[in-house]
Amino acid sequence: MATFPVVNMEKLNGDERSATMELIEDACANWGFFELVNHGISPEFMDTVEKLTKEHYRKSMEARFKEMVASKGLDAVQSEIEDLDWESTFFLRHLPVSNISEIPDLEDEYRKVMKEFAGKLELLAENLLDLLCENLGLEKGYLKKAFYGSKGPTFGTKVSNYPPCPKPDLIKGLRAHTDAGGIILLFQDDKVSGLQLLKDGDWVDVPPMRHSIVINIGDQLEVIT
């Protein structure tokens, strides 16, 4: 089986730019996914995001999740559950209007860090869209403009935790789906493999890599291109 594509963005600035652009083109066409390393967001900052996210879950979400599990009897199910995901989530909206100040239970430091993280991800996403434009022979900024409506693009962060599941063969962390957005940037846990994609009829693990960001080409971008 082909190796999951990993793109080193530092190579875009040197003699290996052409080969790296070809790797991105192949990943978009044949995988719809690729993994970014050396993407410009510092490892120290990503460690802070991970640390504060896990602290927030422990302080504000873990007890509620356990109560939900108990109330639905999910820890004792005997048959496959097909209408529920084993995840604890909340959603931050950044554009066109931020809701980060309205989310309850977020400590000030976490709000500040997630706002800064969103800014870094937005710049990275715009950079990636321009790289895709280059591969497609489109003018720079074309894809960015395509996602602008009358109020600008929609941009948000889904923050998900996947606690240990006592029945992993019967309850999925997240059921099979496609992502409806344009371009999805995912900062996944680097210790536990869980993310998979369907390629050529087989489910393929997306390898967890420390400080990497997984890129998923969403449905809207597939339609546009």
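Leaving aside neighbours within four places in sequence, F90 is in contact (heavy atoms within 4.5 Å) with H56, M61, I103, L106, Y110, T157, K158 and V159. The model is a predicted one, in which local features need pLDDT of at least 70, side-chain atom pairs count only at pLDDT 80 or more, and totals for chains, interfaces and linings use all residues. Residues are numbered from 1 along each chain as its sequence is written, and side-chain values use heavy atoms, with hydrogens and water left out.

F90 also appears in the largest nonpolar core, a set of 49 residues in which F34, L36, I41, F90, M114 and L128 touch the most other members. Such a core consists of buried Ala, Val, Leu, Ile, Met, Phe, Trp, Tyr and Cys residues joined through side-chain atoms within 4.5 Å; buried means under 20% relative accessible area, exposed over 50%, and partly exposed in between (1.4 Å probe, protein chains only). Elements giving two or more residues to this core include α1 (17-30), α2 (43-72), β3 (88-95) and α3 (108-136), with helices (H or I, at least four residues) and strands (E, at least two) taken as DSSP runs numbered from the N terminus. The largest share, 13 residues, comes from α3. A second, separate core of 7 residues includes F4, F33, L197 and V214.

Turning to the cysteines, a search of the whole structure finds 0 disulfides (pairs of cysteine sulfur atoms within 2.5 Å). For C28, the nearest cysteine sulfur, that of C133, is 11 Å away. C28 is partly exposed, at 23% relative accessible area.

Finally, A146 lies in helix α4 (residues 142-146) and is partly exposed, at 41% relative accessibility. The C-alpha atoms of A146 and Q220 are separated by 10.0 Å, although these residues are 74 apart along the chain.
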